[in-house]
Amino acid sequence: MSEAPLVPGTVAEHTICLLVKLGQVAFRIAEDGIGGTGLRVRHYSVLQALADNGAMPQLALGSFLRIDPATMVTSLDDLERAGYAERTRDPQDRRRYAVDITAEGRKVLARLNRILVDLDGEILADLSTTERQSLHVLLDSLAGSPALTSLFDTVREQNGGKRA
């Protein structure tokens, strides 16, 4: 194992470089941590959004999560096959699908949330409780930032919604 920090040298002087690398690290650890369920982080996001918001039109769900339509379709296919979500025709507009979480989906979501709580503890083990709380508040603020949201959506649109 390397003794070098995850973001070595003067690269770490740039907050964006720290966020990029730590995001990659966290993603990999999360994917590995929940991998035993047969699901991925994107599946978790869909299930949690459905649990939080109730049934949603498929297109609205993809927009809400900023998942491109092709990835949304494959994610929902996976969740349907596993019995964790179901798509039904929207009674208001038969051209659209409404997506909802199933009882089995709620069970696996509870398991995923327990795993993610444990992973939070592992990846933040070197921080005090106060530092963990401060980091969460700062990241939550950044995630809801109108400036960052607008910048991301602009970049995403320029790239045709790919890789977001």
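**Exercise 1. Work out how strand 1 and strand 3 pair, and then place them in their sheet.**

Solution. Start with the pair itself: strand 1 and strand 3 (residues 93-101) run antiparallel and share two bridges. That meets the cut-off, since two strands count as paired if DSSP finds at least two bridges between them. Strands here are DSSP runs (E, at least two residues) and helices are too (H or I, at least four), numbered from the N terminus. A quick note on the source: this is a predicted model, where local features need pLDDT of at least 70, side-chain atom pairs count only at pLDDT 80 or more, and totals for chains, interfaces and linings use all residues. Residues are numbered from 1 along each chain as its sequence is written, and side-chain values use heavy atoms, with hydrogens and water left out.

Next, find a residue in register: Met56 sits opposite Val99 of strand 3. On to the other pair: strand 2 and strand 3 are antiparallel as well, over six bridges, and Arg87 faces Val99 in strand 3. These two strands make a hairpin with two residues between them.

Now put it together. The three strands form an open sheet in the order 1-3-2. Strand 1 (56-57) and strand 2 (85-90) are the edges, each pairing on one side only.

**Exercise 2. Find which helix packs on the sheet, and at what angle to strand 2.**

Solution. Look at helix 4 (residues 69-82): it touches strand 2 and strand 3, with contact meaning heavy atoms within 4.5 Å. Its direction makes about 115° with that of strand 2. Axes are lines fitted to C-alpha atoms, for helices over the stretch in contact, and angles run from 0 to 180 degrees between N-to-C directions.

**Exercise 3. Describe the largest nonpolar core and what feeds it.**

Solution. The core has 24 residues, and Leu39, Val46, Leu47, Leu61, Leu76 and Leu79 touch the most other members. Helix 1 (15-34), helix 2 (41-53), helix 4, strand 3 and helix 5 (103-123) each give two or more residues, with helix 5 giving the most, six. Then zoom in on Leu79: skipping residues up to four places away in sequence, its contacts are Leu39, His43, Val46, Leu47, Tyr84 and Ala85.

**Exercise 4. Check the length of helix 7.**

Solution. Helix 7 (residues 146-158) has 13 residues, so at 1.5 Å a residue it should span 18 Å. The end C-alpha atoms are 18 Å apart, which agrees. Just past this helix, Gly160 has a positive phi of about 70°.

Technical notes
The expected span of a helix is 1.5 Å times one less than its number of residues. A nonpolar core is a set of buried Ala, Val, Leu, Ile, Met, Phe, Trp, Tyr and Cys residues joined through side-chain atoms within 4.5 Å. Buried means under 20% relative accessible area, exposed over 50%, partly exposed in between (1.4 Å probe, protein chains only).
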